[in-house]
Amino acid sequence: MEMNKHKANSVAQNSRKRKRKEKGIGKHNASVGIEKLPDDMLIAILSCMRLKDAVKTSIFSRRWRYLWRFTSGKLVFVDREMETENFKSWVNHILQLHRGRPVDSLIIRFINLVLGPQSSDIDSWVFSAIHKDVKKFELNLKRVEFNLPVQNYEFPNIDKLLSFKYPFVSLKSLILVHVDIEDEVVQYFLASCIYIECLCIRGSNATKNLHVVDPLPNLKKLEVSDCPNIQSMEINAMNIVTCTYQGSKINSPFMKTPNLRELTLGGLFCKSFIFKPNKHSSYSATLVKLVLNLNTRVRKRTNSSPDLPQLHSLKRLELNAVAKIRRGLLFFISLIKASPNLLEFRIELKYPTPDPLRLMPYPSVTWQQARGGFCHKKLKVVEMISFIGYEEERDLLDKIAEIAPSIEKVLIDTRNTYTRDHKLRRSIPREVRKQMKSNFRRSTESHAMVMACRFPLETKVVVK
């Protein structure tokens with residue numbers, strides 16, 4: 001009996017040893033296998049990795065030490081609150097060592113810094129993008145501290161660009177944030193970069209007159225936002241699908257855009273969509289998604305046109321708007337009414353500090369004016385973000401429920417920044433302020449739950 005037990009133990013031990021040996025052989029073979037791969041294949045693998053992870057492979061062996069320098073994937077640099085000098089040195093060091101060409105993307109984001117690096121440093125990053133023949137170039141120099149007078153970086157002028165042989169010839173996407181780029185340079189990109197699919201310019205002081213005119217066979221996405229000196233813009237491009245314009249009041253730029261499906265408007269120009277709708281009738285009928293950022297309050301307001309643009313193809317409507325206590329929101333029902341095929345409606349309201357000289361960028365209408373006997377048969381999803389529980393918000397949700405019996409899902413998000421934006425007086429003790437905020441939160445959630453009960457039982461209501 002004992003002998004049989006001993007044999008069984010011996011067999012089990014030998015079996016475990018064989019398994020460990022086989023595992024060891026597998027690891028050895030895998031290691032040997034990857035070492036047998038040619039450098040080109042290893043570089044292709046490293047190109048699929050994040051830059052920092054690819055650099056770490058340089059410690060593997062002498063052979064791996066320099067392979068990452070020849071990758072052709074994404075080179076992404078984000079400051080993440082890194083000190084200016086350290087970030088500048090890091091970007092310069094990596095770009096000097098890197099030899100790969102062409103490169104899929106070069107992305108540099110200097111977001112959290114008040115004072116950016118010198119122009120000469122950024123010039124060298126732009127020139128690196130040219131040398132590496134990048135397909136996507138993003139230079140984001142947005143500032144957090146808006147109150148400080150910080151001068152934007154000036155993108156190289158046309159003479160500097162043309163000093164290179166075929167600059168940005170393979171470019172597909174260009175994103176510039178808080179970078180001053182001259183009109184002539186923008187026209188160069190549109191005329192010479194035949195593969196360009198996306199052009200985004202935000203916060204440029206040098207951009208004044210833009211002509212986005214065919215032939216632009218690949219341009220699908222265009223954004224021009226927060227350029228304070230913009231005077232005119234002409235968009236005559238057959239293939240544009242997505243467009244964003246947020247800025248000053250200009251003549252309607254949409255000359256010929258038959259394939260435009262997604263549109264975002266903001267700034268003073270957005271006001272004209274509400275108060276002068278005939279100017280937008282040439283393209284509004286083809287829109288599938290519309291985002292209106294009605295965040296700019298106005299000093300003067302004309303009477304609203306009774307006929308809003310007819311948005312026959314619209315499936316999703318998003319509104320980001322400033323609001324005022326005891327100021328009705330029923331005008332937004334009119335927008336739903338103008339969109340008979342709408343499936344999703346999202347609204348986010350903000351309550352800024354009261355300013356008696358400023359008016360809301362949308363009219364005040366009665367329930368009879370807004371509804372006019374209309375019943376919406378397609379609306380499925382309603383989202384109200386930053387819900388506080390004011391009577392005007394509750395009234396808007398009530399009326400939407402009344403005109404749209406087809407609603408299947410309602411999201412009421414009570415997370416908001418109201419108590420932070422409207423700071424409680426410092427003279428109030430800290431614990432009392434904390435209790436007041438807690439009471440405000442409970443009141444908001446309570447109002448949201450009451451609103452949830454206003455919808456039919458078959459409607460799925462989510463309260464966050």
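**Group meeting: a surface patch, a buried threonine and a core**

Okay, let's start on the outside: M41, I45 and M49 make a nonpolar surface patch of about 240 Å². For patches I mean residues with over 30% relative accessible area and no salt bridge, with nonpolar side chains joined within 5 Å; the areas are Shrake-Rupley with a 1.4 Å probe, and a salt bridge is a Lys or Arg side-chain nitrogen within 4 Å of an Asp or Glu carboxyl oxygen.

Quick caveat: this is a predicted model, where local features need pLDDT of at least 70, side-chain atom pairs count only at pLDDT 80 or more, and totals for chains, interfaces and linings use all residues. Numbering runs from 1 along each chain as its sequence is written, and side-chain values use heavy atoms, leaving out hydrogens and water.

Back to M49. It sits in the loop between α2 (39–46) and α3 (51–56), helices being DSSP H or I runs of at least four residues and strands E runs of at least two. Its relative accessible area is 31%, so M49 is partly exposed, between buried (under 20%) and exposed (over 50%).

Now, T207, in the loop between β7 (198–202) and β8 (209–213). Buried or exposed? Buried, because its relative accessibility is 0%. Its side chain has a polar contact (N or O atoms within 3.5 Å, donor to acceptor) of 2.7 Å with the side chain of S204. A polar atom of the T207 side chain also lies 3.0 Å from the backbone oxygen of I181.

Last, F332: beyond four places in sequence, its contacts (heavy atoms within 4.5 Å) are L294, L319, A321, F345, I347 and Y362.

Definitions and conventions: Buried < 20%, exposed > 50% of the residue type's maximum accessible area, 1.4 Å probe, protein only. Patch = residues over 30% accessible without salt bridge, like charges linked within 9 Å, V, L, I, M, F, W, Y side chains within 5 Å.
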